[in-house]
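Subject: Structure handover and notes

Dear colleague,

I am passing on the structure we talked about, and it follows directly below. After it come my notes on what was found, starting with the overall picture and then moving to individual regions.

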Amino acid sequence: MSSVPSPKNAASGGAPPLHRLLANASDAVQAVRDGHSLTDWLSRCPAEIRPGVQALSFTVLRRLGAAQAVRAALAPKNPPPRVDALLLTALALLWPGESAYADHTLVDQAVHAVRQRAPNSAGFVNAVLRRFLREREALVTAAQADPVARFNHPRWWQDRLRADWPAAWEGLLQANQQKPPMTLRVNPAHDDLAGYLARLSEAGIAAHPAGALFPQAVVLDEPRPVQALPGFDDGHASVQDASAQLAAPLLLGQHPPQDLAPGEDWPLLGAGARVLDACAAPGGKTAHLQELAGNGLDLLALDADAKRLERVRQNLQRLRLEGAVRAADARDTAAWWDGRAFDAILLDAPCSASGIVRRHPDVRWLRRPDDIPALARIQSELLEALWPLLKPGGRLLYATCSVFRSEGQDQIDAFLQRHGDARSRQFDQGAGHLLPLADNARQDLAPGAAAVTDGFYYALLHKA
């Protein structure tokens with residue numbers, strides 16, 4: 001990997017010029033092409049230009065496959081990487097329907113940005129962009145013949161989705177091109193859903209409920225800074241996708257399984273229940289568990305990344321919730337477990353993030369085919385390590401924000417084959433899963449099937 005280009009400092013005062021935003025967005029795109037996380041890169045971008053850079057880079061990454069195909073047609077010889085990144089950024093933004101800027105403004109500002117960093121390439125970039133505008137309709141049509149350009153995902157990703165979901169794979173790819181909604185989780189300690197919707201309305205923020213399956217979820221009509229949300233600093237609401245809000249009520253027993261035997265109890269977990277949130281960072285599900293349990297759980301939040309655990313602490317502090325937070329690899333139980341069994345375990349396992357690509361458009365370009373079996377091995381190791389820590393009669397919720405079967409149904413099928421004391425409980429639309437989308441049988445919260453949800457997988461395992 002090459003070094004990550006550093007974000008430029010914005011000029012002081014006033015809105016930053018477009019050429020500065022384009023230059024920084026192209027650096028972000030090049031960082032992703034070099035294998036670096038866009039989130040990490042943006043965290044170092046100056047605050048005054050970060051929103052604009054993020055918006056541009058998100059658009060470019062959603063259209064990167066098409067931009068690469070057109071650039072190859074217009075300029076078969078690869079330009080220097082940073083010039084290429086600027087050219088790709090401009091081409092993606094000039095794609096039909098992708099930008100609010102006028103074509104001539106984009107070209108002018110892109111050439112300005114190139115002239116500042118590679119003056120000898122300014123004429124080349126200007127010529128390529130102006131030719132694209134002249135031949136745009138034909139070039140866009142021709143690009144559709146290339147699957148990577150048509151769907152803006154690597155070919156291996158498309159092939160995997162086609163194999164996993166032959167009837168839905170194109171819809172999943174298209175859903176990843178959509179801008180996701182901003183969804184909030186209302187804290188029941190302060191407001192009910194209707195009450196917080198009223199507070200949003202008073203603040204001039206249009207919003208609506210996410211649906212009956214998500215009793216605490218509010219979807220904003222337009223994203224807003226969290227500082228604009230009523231009571232955010234005092235813990236009245238948190239930002240969390242609706243699909244992620246299903247984990248806590250499922251683990252705590254608020255969704256009883258349909259396959260209860262006569263006389264079988266499915267108790268609600270509350271005060272004093274010992275609960276492990278493995279792989280807890282950044283802490284949204286950790287906090288949700290305590291919100292629903294009235295802050296009464298004996299809760300341990302564990303994560304291997306000590307830096308990301310700081311987010312867990314901050315979330316708990318803002319929401320005035322309690323819980324032990326510890327940095328450790330959940331697989332190395334000898335290093336952190338005190339020998340006391342857990343009533344319930346949430347394993348939100350590391351995964352490909354293939355279900356949240358619309359929120360993280362860099363993921364599709366960062367992942368490699370061999371990442372998926374490697375992640376599946378980690379998921380299996382975590383399941384094997386944590387299962388012995390669960391009390392008889394306890395429950396383990398396995399979750400991934402993935403739509404790949406190898407990280408979901410295949411993983412759980414293999415685990416059940418290995419463990420005779422494990423049972424996958426049945427819910428309203430499938431065995432061992434929470435499947436709230438009636439038109440999406442056996443696919444766990446696929447994005448696009450419902451506009452309010454990301455792609456997720458859930459399986460609730462009961463220890464006999």
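Of the 464 residues of the protein, 54% count as buried; please keep in mind throughout that this is a predicted model. The chain forms 18 helices and 13 strands, and its radius of gyration is 24 Å, close to the 23 Å that the globule rule gives for 464 residues, so the protein is as compact as a globular protein of that length. Taken along the principal axes, the box that the C-alpha atoms fill is roughly 75 × 45 × 40 Å. If one looks at contacts between residues at least 6 apart in sequence, 73% of them join residues at least 24 apart. The accessible surface comes to about 19,300 Å², and carbon and sulfur atoms account for 52% of that area. As for charge, there are 49 positive and 50 negative charges, and their mean positions lie 7 Å apart.

Turning to the interior, the largest nonpolar core has 53 residues, and L22, L129 and F132 are those with the most contacts inside it. Helix α1, which covers residues 18-33, gives the most to this core, with 9 residues. Leaving out residues up to four places away in sequence, F132 touches V70, L74, L91, L94, W95, L139 and V140. Separate from this is a second core of 45 residues, which includes F151, V219, L269 and V275.

The region around helix α14 may deserve your attention when you go through the backbone angles. In this helix (residues 284-292), 7 of the 9 residues are buried, so α14 is largely enclosed by the rest of the structure. The buried residues are K285, T286, A287, H288, L289, Q290 and E291, a list in which charged and polar side chains appear beside A287 and L289.

The loop between β5 (274-278) and α14 contains P282, and the peptide bond that joins A281 to P282 is cis, with omega at about 5°. C279 is found in the loop between β5 and α14 as well, and this residue has a positive phi of about 55° although it is not a glycine. With a relative accessibility of 17%, C279 counts as buried, because the cut-off for that class is under 20%.

On the other side of the helix, G294 comes just after α14 and takes a positive phi of about 65°. N295, which is not a glycine, also has a positive phi of about 65°, and its place is in the loop between α14 and β6 (298-303). At 23% relative accessibility, N295 counts as partly exposed.

A last point concerns Q411, which is found in helix α18 (residues 409-418) and which, at 5% relative accessibility, counts as buried. Apart from its neighbours within four places in sequence, Q411 is in contact with A376, Q379, S380, L383, Y398, R405 and S406. For the pair Q411 and L383, the separation is 28 residues in sequence and 9.5 Å in space, C-alpha to C-alpha.

With best regards

Conventions:
Residues are numbered from 1 along each chain as its sequence is written. This is a predicted model: local features need pLDDT of at least 70, side-chain atom pairs count only at pLDDT 80 or more; totals for chains, interfaces and linings use all residues. Side-chain values use heavy atoms; hydrogens and water are left out. Helices (H or I, at least four residues) and strands (E, at least two) are DSSP runs, numbered from the N terminus. The radius of gyration is taken over C-alpha atoms; the globule rule is 2.2 Å times the number of residues to the power 0.38. Buried means under 20% relative accessible area, exposed over 50%, partly exposed in between (1.4 Å probe, protein chains only). Contact means heavy atoms within 4.5 Å. Accessible areas come from the Shrake-Rupley method with a 1.4 Å probe; for residues, only the protein chains shown count as cover. Lys and Arg count as positive and Asp and Glu as negative; His and the chain ends are not counted. The place of a charge is taken as NZ of Lys, CZ of Arg, CG of Asp or CD of Glu. A nonpolar core is a set of buried Ala, Val, Leu, Ile, Met, Phe, Trp, Tyr and Cys residues joined through side-chain atoms within 4.5 Å.
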